[in-house]
Amino acid sequence: MKRTTSRIGAWVAIIVGSAYFLLPLAATFLFSLKMRRDALSFDAYKVVLTDPQFQATFSYSTLMAVLTIVTGILLVVPTAYWIQLKLPRLRGLVEFITLLPLVIPAIVIVFGYLKMYNSSALLPLTAHERSTDLLLVASYVTLSLPYLYRSIDTGLRAVDVRGLTEAAQSLGAGWGEILLRVIFPNVKSAILSGAFLTFAVVIGEFTMASLLNRPAFGPYLQLIGANRAYEPSALAIIAFLVTWASMGLIQVFAHNGRAKPKTA
Amino acid sequence: MAFLDIKQISKRFGTHTVVHDIDISIERGEFVTFLGPSGCGKTTVLRMIAGFEAPTTGAIHVGGHDITQQSPQKRGIGIVFQNYALFPNLNVEQNIGFGLKVRKLPRHDIAAKVAEVMKLVELTGKEAHYPHELSGGQRQRVALARALVVEPKILLLDEPLSALDARIRKNLREQIRDIQRRLQLTTVFVTHDQEEALTLSDRIYVMNQGRVEQHGSAEEIYTRPETEFVARFMGNYNLLKAAEAHQLLGMHIDGHMAIRPESIHVLATGSHELGTFEGVIRRHQLLGGVIRYQVESRGVQLLVDRLNRNAADLMPVGTSVRLQIHGDDMRVVR
Ligand SMILES: Nc1ncnc2c1ncn2[C@@H]1O[C@H](COP(=O)(O)OP(=O)(O)OP(=O)(O)O)[C@@H](O)[C@H]1O
Ligand SMILES: [Mg+2]
């Protein structure tokens with residue numbers, strides 16, 4: 001008797017929870033199909049996808065995301081590796097630092113940047129578009145740090161970092177070779193899941209891009225949302241799909257990673 | 001100067017000194033074992049030889065060169081770990097070829113050398129397997145092959161067999177010794193298993209609490225222990241306290257008297273030779289080819305081993321026996 005009630009309770013929770021997420025999504029999706037008066041159609045999607053501005057901003061954000069991922073990985077993997085190998089006592093501190101971007105609002109960070117790197121500053125990064133892009137990538141690296149660091153650190157913990165390092169050293173490998181041939185390949189799935197998470201974070205990011213005045217996808221979303229009726233819904237669905245595709249890929253790679261045990 | 005010469009090295013972690021001014025010298029081609037209980041500093045000494053830890057004081061020379069400050073990459077010293085430490089992302093062939101690839105050898109040279117060493121450790125046919133697809137014994141062979149293929153000046157083995165079960169352990173240790181002889185490879189083997197040390201080694205360093213208690217050939221260590229610790233650690237020595245030695249043999253000694261169970265003779269009853277003494281069997285235990293008796297004599301308990309030739313040899317509990325110990329089988333130890 002008690003078990004049945006608790007099972008019913010669980011189902012109710014699941015249904016309510018799913019409805020909470022799925023109903024708005026379904027409504028948005030439905031709305032996005034109603035651009036034509038008389039029938040359901042994908043016209044809104046056609047309009048959005050053929051909008052040159054969509055293509056430009058989406059490619060720009062994708063490029064920024066890729067640069068962010070590459071920079072982030074090059075920064076985080078060696079750092080997390082070194083901390084695990086040589087400075088395990090600093091782990092708590094570093095973890096705290098990497099979590100700061102979750103606590104400090106993006107707007108605070110970007111105002112800091114604008115103050116530090118404005119055109120009359122010592123390092124006037126915002127004076128040119130390309131150098132502003134650098135700043136934007138740097139800010140995205142910061143934003144994605146909590147996700148990237150966590151997943152890579154977790155990946156490293158599943159590997160016998162010290163044993164593998166010492167084995168490689170005794171075989172004559174230098175630090176570069178150890179990172180490239182031993183550490184990177186063994187945390188590949190962790191790196192990939194961190195990368196997709198980063199992609200999902202960066203692709204729709206608004207605050208940084210908008211305040212640094214870069215033509216990114218986030219500000220474009222906002223612009224369309226404020227001025228059009230059906231297209232924003234279509235965009236929302238597209239953004240949603242991109243994000244979920246990233247999440248799905250994380251699952252795929254995490255699963256592949258697990259299929260091959262990391263200990264030997 | 002010996003090929004591997006360790007002079008007065010010590011190691012301190014914080015305030016805790018785990019290795020105290022140890023001297024070790026090993027000749028080219030020798031198989032030397034560091035033997036001692038858990039925590040006595042064997043791994044620490046090995047890691048200093050490999051270059052993973054820097055000695056707090058002292059120096060390490062290989063072939064006349066001081067390598068104390070050299071990085072592990074440059075030392076050319078191979079190491080095999082207890083937990084294998086194989087690269088999980090590489091298959092057997094790639095694992096073994098790792099050191100050669102790092103040395104930027106041409107691909108066909110790598111393949112040839114890898115194939116040769118795989119034959120040596122009897123792994124041929126497993127090239128494409130990944131570490132997680134291998135048994136413990138096979139993994140350790142891969143680790144051994146990986147260390148051997150780069151032709152190290154010295155091979156270090158840190159309890160390479162202790163994660164394996166008894167049969168594979170014996171098999172693999174014979175193989176290691178065989179390969180070592182064939183390659184004339186200077187080898188340092190770490191273990192806490194005295195049987196392993198005795199069967200494998202040219203020489204043994206017995207370690208205790210960060211110090212070398214005694215070193216010498218396997219025979220020397222086994223038959224002529226110098227300290228109470230070594231006598232205890234090497235096997236089933238009867239260790240008599242000074243008072244017991246006096247009680248049993250009428251001798252005045254400093255320290256302990258060490259007598260091996262197999263060196264105590266059981267004489268026919270009725271024999272009254274000089275230097276013999278009476279005892280009563282209190283217990284016996286069958287150890288395969290040997291029967292171990294616990295004999296009480298003049299209030300002292302002694303272990304006495306006799307060959308187990310046939311069932312009629314067994315002497316029942318309560319039997320009176322006459323025992324004899326030759327003077328050179330009694331060792332006074334510190
Ligand atoms: N990095 C370290 N920091 C602090 N203490 C250490 C460190 N490495 C080893 N020790 C200490 O040094 C002592 C010797 O350790 P070591 O690993 O050399 O012993 P061992 O003889 O190899 O033992 P076992 O047979 O258990 O492997 C131990 O008391 C250990 O706790
Ligand atoms: Mg050890």
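Two residues are taken to be in contact when heavy atoms lie within 4.5 Å. On this basis, the predicted model is described here from the domains of chain B, through the interface between the chains, to the nonpolar cores and a single buried serine.

Chain B is divided into domain 1, covering residues 4-232, and domain 2, covering residues 256-333. The centres of these two domains of chain B, taken over C-alpha atoms, are separated by 40 Å. Where domain 1 of chain B meets domain 2 of chain B, nine residues of the former are in contact with six residues of the latter. About 600 Å² of area is buried between domain 1 and domain 2 of chain B, and carbon and sulfur atoms give 57% of this area. Zero salt bridges are found by the rule across the interface of these two domains of chain B, while two residue pairs are in polar contact there, both at pLDDT 80 or more. On the side of domain 1 of chain B that touches domain 2 of chain B, helices α8 (218-223) and α9 (228-234) of chain B each supply at least two residues. The largest share of that side, three residues, comes from α9(B).

The second interface considered is that between the two chains. The size of an interface is often given as the accessible area lost when the parts come together. For chain B and chain A, the buried area is about 2300 Å², with 60% given by carbon and sulfur atoms. In chain B, the residues that lose the most area to chain A are B:Gln73, B:Pro88 and B:Phe98, which together account for 26% of what that side buries. In terms of contacts, 26 residues of chain B meet 23 residues of chain A.

Charged and polar pairs also occur between the chains. Two salt bridges are counted between chain B and chain A. A salt bridge joins A:Glu177 to B:Lys104, with the closest N and O atoms 3.6 Å apart. Five residue pairs, both members at pLDDT 80 or more, are in polar contact between chain B and chain A. The side of chain B that touches chain A draws two or more residues from each of α2 (72-75), β6 (77-80), α3 (92-102) and α5 (136-148) of chain B. Of these elements, α3(B) provides the largest share of that side, with four residues.

In soluble globular proteins, nonpolar side chains tend to be buried together. The largest nonpolar core in the model has 133 residues, and B:Phe34 and B:Val45 have the most contacts inside it. Helix α3 of chain A (residues 52-85) gives the most to this core, contributing twelve residues. A second, separate core of 21 residues includes B:Leu248, B:Ile253, B:Val300 and B:Val304. Beyond its neighbours within four places in sequence, B:Phe34 is in contact with residues including B:Ile24, B:Val45, B:Leu46, B:Ile49, B:Phe189, B:Tyr205 and B:Met207. The contacts of B:Phe34 also include B:Lys42 and B:Thr191.

A polar residue of chain A was also examined. A:Ser144 lies in helix α6 of chain A, which spans residues 129-157. Because its relative accessible area is 0%, and buried means under 20%, A:Ser144 is classed as buried. The side chain of A:Ser144 reaches the backbone oxygen of A:Val141 at 3.2 Å. With neighbours within four places in sequence left aside, A:Ser144 is in contact with A:Thr68 and A:Thr198.

How values were computed. Residues are numbered from 1 along each chain as its sequence is written. Chains are lettered from A and ligands numbered from 1 in the order in which they are written. This is a predicted model: local features need pLDDT of at least 70, side-chain atom pairs count only at pLDDT 80 or more; totals for chains, interfaces and linings use all residues. Side-chain values use heavy atoms; hydrogens and water are left out. Buried means under 20% relative accessible area, exposed over 50%, partly exposed in between (1.4 Å probe, protein chains only). A polar contact is a pair of N or O atoms within 3.5 Å; within protein, one must be able to donate a hydrogen and the other to accept it, and residues adjacent in sequence count only if both atoms are side-chain atoms. A nonpolar core is a set of buried Ala, Val, Leu, Ile, Met, Phe, Trp, Tyr and Cys residues joined through side-chain atoms within 4.5 Å. Domain bounds come from an automatic or database domain assignment. Buried area is the accessible area (1.4 Å probe) that two parts lose on being put together, summed over both. A salt bridge is a side-chain nitrogen of Lys or Arg within 4 Å of a carboxyl oxygen of Asp or Glu.
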